[in-house]
Every structure is written in C-alpha cells, then in structure tokens.
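This report describes a predicted model. It treats the surroundings of the ligand and then the arrangement of the strands.

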Amino acid sequence: MNKKNLLKTIRLAKQTLKDEKFLGYTDIIFSAPKIKKSNKTNAPEPEIPAVPLKETPVPVFKGAKAKKLSEIEAVVKTCRLCRLGDSRIKAVFGEGNPDSKIMFVGEGPGYDEDRQGRPFIGRAGQLLTKIIESIGLKREDVFIANIVKCHPMIDPKNPDLRGNDRPPSKEEMACCMPFLLAQIDIIKPKVIVTLGNSSTSTLLETTETISKIRGKFHTFHKTPLMPTYHPSALLRNPALKIDVWNDMKLLKKELGL
Ligand code: SF4
C-alpha cells in the first residue's frame, strides 16, 4: 500500500472509531449491525427506569450577559403565567455559558429537573452531555434551555409520580416563549439545536415531524437551527443514535469545531 492510501485508510479508521464510540460500542467492530428503525409513532412509550444519577456540577458564570440572564431567571422562578406554574416544584430556567456558540433547546423539564431546578439532569440529560462531549465540548461550554420552564404533568396533583410527564400544550409553549426569546436574544448563539418535536415545531412553526425535518440546517430569526432527536427518544430507540451523530457532524462543520 502506498503512503497516500495508507493515510486515507488511517483517516477512515479514525472516523469509524469515532462513529462507533458515539453509537455506544465499546469493542472494535468491523461492520455495524443493522438495527431496524421503528416506524411506530403511536406505540406506547416504555417507562425509563430510574437510575442513580451522576452528579453534574452547576456551572457559574459572571459578566453582563450572565447578569441579564439571572434577572430573567428571577422572574421565571416566581412566574405563574400559565397553569404549569401551579404544579411545578421548581422552575427550570436553563443553564450554561452565556457566551456559548450553541444553544440546545428541549421541550420542558421532567421529573428529575423539576426536583433539582436544572435542565436535562436525568438519564436523557446524561445522554445529552455525552452528545455534547462527542463534538469536543463540555456541558458547561453550551447553554441548555427548554421551551417551557415548568414541568408539564399528566396529573398535576401527583408530582411525585414518575412517568407523569406530558408534552406542553401549544398554549403553555406560547405563554412561556418570551422567556426563551429573551435568552436567545442575550446569548446570541451561532447555532440553535432543537431537541425533539415540540421545540422544533414551535421554533420553526412547522407541522413536519422531526424525522422529516432533521439532518439539515433551518433558520430561526436569522440564526441557523439544527433539529435533532430528543435524547429520551434515543433511550427508547438507540437506532436513532446514528442520525443524531450525523446531525452533530454537520453542527461541528458549521461551527468549525
Ligand atoms: S411554564 Fe413558563 S409561563 Fe408557565 S408558569 Fe412556568 S415560567 Fe411561567
């Protein structure tokens, strides 16, 4: 093998190892097993079992942007503009680097987030941290927020029940949207990554499903927006990881990471 071909083979091998690491493989494999994607969109979602969570340090930032964000956070913490404010345990404003180039936007807090007042802190959050690390960043390098800041529950009288989550309604998202818009306006990210259907359809004002719309950049208020699957969808269906990995590769390219 000549030198040029050898270098090409090494490059390909390195990329393959990166891809396989992201997909969760711990041993070297030479061909990925074919995993059938589920087409069932209305299938009941299995409950994600509770697991002990790794402690995620709270990032602390100073400066003018951090100050502006903390002023809005103070308003969010006492907000009762929609009914979600009546049943939440803690409002979840969002956290991360106010100067971040990337802002991840999910749908809303779940059980764990409601208790800790922090975004993406449960199992899906740990997977999001891994996704962030796969593009060479740390969780504290980015800003993580949600469309709604309070936990939407199927039975709001039962906040201690796991699996009591539901997607926020259109009215709840519209009511909370000014807080997210203010966050985006202060942070001015170079790219927004929406996680899942709710945040994607709300910001892009589309009825297209995430599976149709992901894989390319869109625009939100002149900012490039990449929709991808919510990490909890990957926990239910690991075959979707390859799509998220491909989206993250596009994100890396866009940001020159
Ligand atoms: S979800 Fe948003 S609008 Fe509704 S109470 Fe919470 S902070 Fe206020």
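## Ligand shell

For the classes used here, Ala, Val, Leu, Ile, Met, Phe, Trp, Tyr, Cys and Pro count as nonpolar, Asp, Glu, Lys and Arg as charged, and the others, Gly among them, as polar. On this basis, the shell around the ligand has 10 nonpolar, 1 polar and 3 charged residues.

The ligand is surrounded by 14 residues, of which C79, C82, G85, C150 and C176 come nearest. Two elements, α3 (84-87) and α6 (170-187), give two or more residues to this shell. The most is given by α6, with 3 residues.

## Sheet order and edges

Six strands form an open sheet with mixed pairing, in the order β1-β3-β2-β4-β6-β5. The edges are held by β1 (95-96) and β5 (218-220); each has a single partner strand, so one side of each is left without a neighbour in the sheet.

At the β5 edge, the pairing with β6 (residues 223-228) is antiparallel and comprises 3 bridges. Within this pair, H218 stands opposite L225 of β6.

## Strand β4 and its partners

Strand β4 spans residues 191-195 and is mostly covered, with 4 of its 5 residues buried. It pairs in the parallel sense with β2 (residues 102-106) over 4 bridges, and T194 in β4 is the bridge partner of V105.

Strand β4 also runs parallel to β6, to which 4 bridges join it. Here L195 stands opposite T228 in β6.

Key. Residues are numbered from 1 along each chain as its sequence is written. This is a predicted model: local features need pLDDT of at least 70, side-chain atom pairs count only at pLDDT 80 or more; totals for chains, interfaces and linings use all residues. A residue is near a molecule or strand if its C-beta atom, placed from the backbone, lies within 6 Å of it. Two strands pair if DSSP finds at least two bridges between them. A residue is buried if 20 or more other C-beta atoms lie within 10 Å of its own, exposed if 12 or fewer, and partly exposed in between; C-beta atoms are placed from the backbone.
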